[in-house]
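Grab your viewer and work through these exercises one at a time. Try each task yourself before reading the solution below it.

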Amino acid sequence: MIAVVDYRAGNGPSVLNALETIQASCKMAKSAEDFDGATAIILPGVGSADATIASLKEQGLLEAIEEKVLRDKIPFLGICVGLQILFDHSEEGDTPCLGWLKGQVKRFPETVRVPQIGWNRVQYRKPHPLTQGLGDGDYFYFVNSYYVIPEEDDVILGTTEYGQPFCSFVAKGNIMASQFHMEKSGEGGLRLLRNFVRIAEEGIELC
């Protein structure tokens, strides 16, 4: 069962619809108890990093998510803001974030149109079960004003060009996340979600 986090500020219903399209077993998680029996977690995101962190705390979801992901090591997938809050700090709202991954979140410079809205390419750094069956340079749908700068280069799974190269895809152990919206990225996005479901169902070992 894939638990999709519903923290009021996110786009959980869109992700749930995409999972139902690929016939994945899934449910919305609005309380700590909703994570009971979950085999994987997806944290979607729209809006700001500070609002996301605040909402997760107010609803009592953060402790339950960390218990499942950091202690039980079930697969986790963050999307958009769900990627950014994994790092130490975001310039958006000058927000301390989760710190699961080391690094910072910065705003795109004024030399490019902000936010980035539309389709852009992702170049993969290395093979990974999440990207199996996808071609390097595939297009995915982005809506973002901020981007992550990881301290550890080996967590970077994919990069994208928008005035400059930036990290758009990360993976470290059971923690995976994309800056782009898989649920809005057509067949390529659905393939990524299918791969994530397969990782959870088959217990594929990740490094």
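## Exercise 1: a helix residue and its partners

Asparagine 195 touches Pro129, Leu130, Thr131 and Gln132, once residues up to four places away in sequence are left out. Keep in mind that this is a predicted model.

**Task.** Place asparagine 195 in the fold, decide whether asparagine 195 is buried or exposed, and then look at the contact with Gln132 from the other side.

**Solution.**

1. Start with the secondary structure: asparagine 195 sits in helix 5.
2. Next, check the accessibility. The cut-off for buried is under 20%. Asparagine 195 comes out at 6% relative accessibility, so asparagine 195 counts as buried.
3. Now hop over to glutamine 132, which belongs to the loop between strand 8 and strand 9 (138-144). Its relative accessible area is 47%, so glutamine 132 is partly exposed.
4. List what glutamine 132 touches, again skipping residues up to four places away: Arg191, Asn195 and Arg198.
5. Look for a polar contact among the side chains: glutamine 132 and arginine 198 are joined by one of 2.9 Å.
6. For a sense of distance, take leucine 19. Leucine 19 and glutamine 132 are 113 residues apart in sequence, and their C-alpha atoms are 18 Å apart in space.

## Exercise 2: the annotated site

**Task.** Which residues does UniProt list for "active site", and why can they be said to gather at one spot?

**Solution.**

1. Pull the record: the unreviewed UniProt entry lists Cys80, His181 and Glu183 under "active site".
2. Compare sequence with space. These residues span 104 residues in sequence, yet no two of their C-alpha atoms are more than 10.8 Å apart, so they gather at one spot.
3. Check the pockets: of these residues, Cys80 and His181 are included in the lining of the largest pocket.
4. Zoom in on cysteine 80, in the loop between strand 4 (76-79) and helix 4 (81-84). With a relative accessible area of 4%, cysteine 80 is buried.
5. Do the same for histidine 181, in the loop between strand 13 (175-178) and helix 5 (186-202). Its relative accessibility is 2%, so histidine 181 counts as buried too.
6. Collect contacts, ignoring neighbours within four places in sequence. Cysteine 80 is in contact with Gly45, Val143, Ser178, Gln179, Phe180 and His181. For histidine 181, the contacts are Asn11, Gly45, Val46, Ile79, Cys80, Tyr141 and Val143.
7. Finish with the side chains: histidine 181 makes a polar contact of 2.8 Å with glutamate 183.

## Exercise 3: backbone oddities

**Task.** What is the peptide bond from valine 114 to proline 115, cis or trans? What is phi for glutamine 23, and what is phi for cysteine 80?

**Solution.**

1. Recall the baseline: most residues other than glycine have a negative phi, and most peptide bonds are trans.
2. Read omega between valine 114 and proline 115: it is near 0°, and the bond is cis. Proline 115 lies in the loop between strand 7 (103-107) and strand 8 (116-124).
3. Read phi for glutamine 23: it is positive, about 60°, although the residue is not a glycine. Glutamine 23 is in the loop between helix 1 (12-21) and strand 2 (26-29), and is exposed, with a relative accessible area of 74%.
4. Read phi for cysteine 80: it is near 60°, a positive value in a residue other than glycine.

## Exercise 4: a loop valine

**Task.** Where does valine 155 lie, and is it buried or exposed?

**Solution.**

1. Valine 155 lies in the loop between strand 10 (146-150) and strand 11 (156-161).
2. Its relative accessibility is 2%, so valine 155 counts as buried.
3. Beyond neighbours within four places in sequence, valine 155 is in contact with Pro150, Phe169, Val170, Ala171 and Lys172.
4. Proline 129 is 26 residues from valine 155 along the chain, and the two C-alpha atoms are separated by 14 Å.

## Exercise 5: the whole chain

**Task.** How compact is the chain for its length?

**Solution.**

1. Count elements: the chain has 5 helices and 13 strands.
2. Compare radii. The radius of gyration is 15 Å, close to the 17 Å that the globule rule gives for 207 residues, so the chain is as compact as a globular protein of that length.
3. Add the burial figure: 56% of the 207 residues count as buried.
4. Look at contact range. Among contacts between residues at least 6 apart in sequence, 69% join residues at least 24 apart.

Methods
Residues are numbered from 1 along each chain as its sequence is written. This is a predicted model: local features need pLDDT of at least 70, side-chain atom pairs count only at pLDDT 80 or more; totals for chains, interfaces and linings use all residues. Side-chain values use heavy atoms; hydrogens and water are left out. UniProt positions are given in the numbering used here, feature names are shortened, and annotations may be inferred rather than shown by experiment. On a 1 Å grid over the protein atoms alone, a cavity is a set of points where a 1.4 Å probe fits but cannot get out, and a pocket is an open set with protein on both sides within 12 Å along at least five of seven lines; lining residues have an atom within 4 Å of a point. Helices (H or I, at least four residues) and strands (E, at least two) are DSSP runs, numbered from the N terminus. Buried means under 20% relative accessible area, exposed over 50%, partly exposed in between (1.4 Å probe, protein chains only). Contact means heavy atoms within 4.5 Å. A polar contact is a pair of N or O atoms within 3.5 Å; within protein, one must be able to donate a hydrogen and the other to accept it, and residues adjacent in sequence count only if both atoms are side-chain atoms. The radius of gyration is taken over C-alpha atoms; the globule rule is 2.2 Å times the number of residues to the power 0.38.
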